[in-house]
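Please open the structure in your viewer and keep the selection panel at hand. Each stop of this tour names what to select and then describes what is found there.

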Number of protein chains: 2
Amino acid sequence: MIDNFPDVSYTERVVKLKRVKTMTNRVRRTMPLLPISIVMQLTELTARQIRYYEEHELISPARTEGNKRMFSLNDVDTLLEIKEYLEQGLNMAGIKKIYNLKDQPENEKAEPKNISDAELRRILREEMQQLRSYERGGLRQGDLSRFFK
Amino acid sequence: MIDNFPDVSYTERVVKLKRVKTMTNRVRRTMPLLPISIVMQLTELTARQIRYYEEHELISPARTEGNKRMFSLNDVDTLLEIKEYLEQGLNMAGIKKIYNLKDQPENEKAEPKNISDAELRRILREEMQQLRSYERGGLRQGDLSRFFK
DNA sequence: ATTTTTATGTCAGGTAATGTAACATGTGAT
DNA sequence: ATCACATGTTACATTACCTGACATAAAAAT
């Protein structure tokens, strides 16, 4: 195996081996390796489904010269995740959303969408308008007991 | 306003005011305040839709003695979010998933689902099985040039 | 007492996900 | 070169989900 690098010094060998190793780890998951038939077996998805998910840009498999799809291991992972989400009842839009959220979790919780005080005042004013009549009925402002069991 | 707390010392007043204020901020968003007609106006959703989302447990409005729904401001917020997600094409399952993810972001990224080496070996073995015949065709092991443009 | 709002249930239509079929093209085997 | 098979593309059929529309009953408002 190490003989794949002939005519170089030992240190050069080490460098090249190291380079190959890190390359392998990083690249092997994005390399187009698998034809659709294999991916079908691995994921238990139909070709129709796989092509449909590509249509929705959830995966982007490479193509051979002959226009055949070639999938990476990352593609397979994604397809397995998609399958799981589908089994949970999500649709394409939902799955896309999930991936968007994963991409930028941004920690922009920014409070649970606090309605501004202006908005709140508007809301309550509107309701007060609707409730005006109640007041005549003797219901004191702030008495909401009738709202609860 | 401050006269709502007679017969107490100034410091006691401050404490009570503080308590009232935090109470107000925390509670006013969960208090059942709004009948469905108002919520329809605020959210521009139909009653049918609102009830459907309750059916899917995305909201849980309180009920009056007469079994009428009474919504909190949080409910309104949730409905507005639901509406936004729906406009983005999500379905009920997707929206539920989003809320689940929000509840426990757990930061359990746990690596991008690395296939174990065993798994990887299994995959490659399977493909090799499929490719056995190709080898006879003179394709050297490891020659994947045909996979790329 | 009458009218209006709300609750619940059912049916129907539109859309999304998938299956299926028809046909063209690429590719290994002979 | 030709055959057989895998894959690609496109069109139509099927199914489930979301929503509108309608019917009926109970509660609340007038």
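The tour below visits the sheets, the helices, two loop residues and a DNA strand. Please bear in mind throughout that this is a predicted model.

**Stop 1: the sheet of chain A**

Select the strands of chain A. Three of them form an open sheet, and their order across the sheet is β1-β3-β2. The pairing in this sheet is antiparallel. Now colour residues 34–35, which are β1, and residues 62–63, which are β2: these are the edge strands of chain A, and each pairs on one side only.

Next, add residues 69–71 of chain A, which make up strand β3. Two bridges join β2(A) to β3(A), and the two strands pair in the antiparallel sense. To see where they face each other, display A:A62; the residue opposite it in β3(A) is A:M70.

**Stop 2: the loop between β2 and β3 of chain A**

Stay in chain A and select A:N67, which belongs to the loop between β2 and β3. What is the phi of A:N67? The value is near 75°, which is positive although the residue is not glycine. Most residues other than glycine have a negative phi.

**Stop 3: two helices of chain A**

Select residues 36–43 of chain A, helix α2, together with residues 73–87, helix α4. The axes of these two helices come within 10 Å and cross at roughly 45°. At this angle, α2(A) and α4(A) are therefore oblique to each other. Their crossing is right-handed.

**Stop 4: the sheet of chain B**

Move to chain B and select its strands. Here, too, three strands form an open sheet with antiparallel pairing, in the order β1-β3-β2. Which strands stand at the edges in chain B? They are β1 (34–35) and β2 (62–63); each has a single partner strand, so one side of each is left without a neighbour in the sheet.

Add strand β3 of chain B, residues 69–71, which pairs with β2(B) in the antiparallel sense over two bridges. Display B:R63 and look across to β3(B), where its bridge partner is B:R69.

**Stop 5: helices and a loop of chain B**

Select α2(B) and then helix α4 of chain B, residues 73–87. They pack at an angle of about 45°, and their axes are 10 Å apart. That angle makes α2(B) oblique to α4(B). The crossing of α2(B) and α4(B) is right-handed.

Keep α4(B) on display and add helix α5 of chain B, residues 92–103. The angle between α4(B) and α5(B) is about 125°, with the axes 10 Å apart. These two helices are therefore oblique to each other. Where α4(B) passes α5(B), the crossing is right-handed.

Now select B:E44, in the loop between α2 and α3 of chain B. Its phi is near 55°, a positive value in a residue other than glycine.

**Stop 6: DNA strand C and its surroundings**

Finally, select DNA strand C and show the protein residues around it. There are 24 such residues, and those that come nearest are A:Y52, A:M92, B:S37, B:R51 and B:R69. By class, this surface has seven nonpolar, ten polar and seven charged residues.

Which parts of DNA strand C lie within 4 Å of the protein? Of the atoms of the strand within that distance, 74% belong to sugar or phosphate, and the rest belong to bases.

Zoom in on three contacts with phosphate oxygens of DNA strand C. A polar side-chain atom of A:Y52 is 2.6 Å from one such oxygen. In A:T46, an N or O atom of the side chain lies 2.9 Å from a phosphate oxygen. In A:G66, a backbone N or O atom is 3.5 Å from a phosphate oxygen.

To finish, colour the elements that give two or more residues to the surface near DNA strand C: α3 (47–55) of chain A, and α2 (36–43), α3 (47–55) and α6 (117–136) of chain B. The largest share, four residues, comes from α3(A).

Technical notes
Residues are numbered from 1 along each chain as its sequence is written. Chains are lettered from A and ligands numbered from 1 in the order in which they are written. This is a predicted model: local features need pLDDT of at least 70, side-chain atom pairs count only at pLDDT 80 or more; totals for chains, interfaces and linings use all residues. Side-chain values use heavy atoms; hydrogens and water are left out. Two strands pair if DSSP finds at least two bridges between them. A residue is near a molecule or strand if one of its heavy atoms lies within 4 Å of it. A polar contact is a pair of N or O atoms within 3.5 Å; within protein, one must be able to donate a hydrogen and the other to accept it, and residues adjacent in sequence count only if both atoms are side-chain atoms. Ala, Val, Leu, Ile, Met, Phe, Trp, Tyr, Cys and Pro count as nonpolar, Asp, Glu, Lys and Arg as charged, and the others, Gly among them, as polar. Axes are lines fitted to C-alpha atoms, for helices over the stretch in contact, and angles run from 0 to 180 degrees between N-to-C directions. Angles under 35 degrees count as roughly parallel, over 145 as roughly antiparallel, 65 to 115 as roughly perpendicular and the rest as oblique. A crossing is left-handed if the near helix is turned anticlockwise from the far one by less than a right angle, and right-handed if clockwise.
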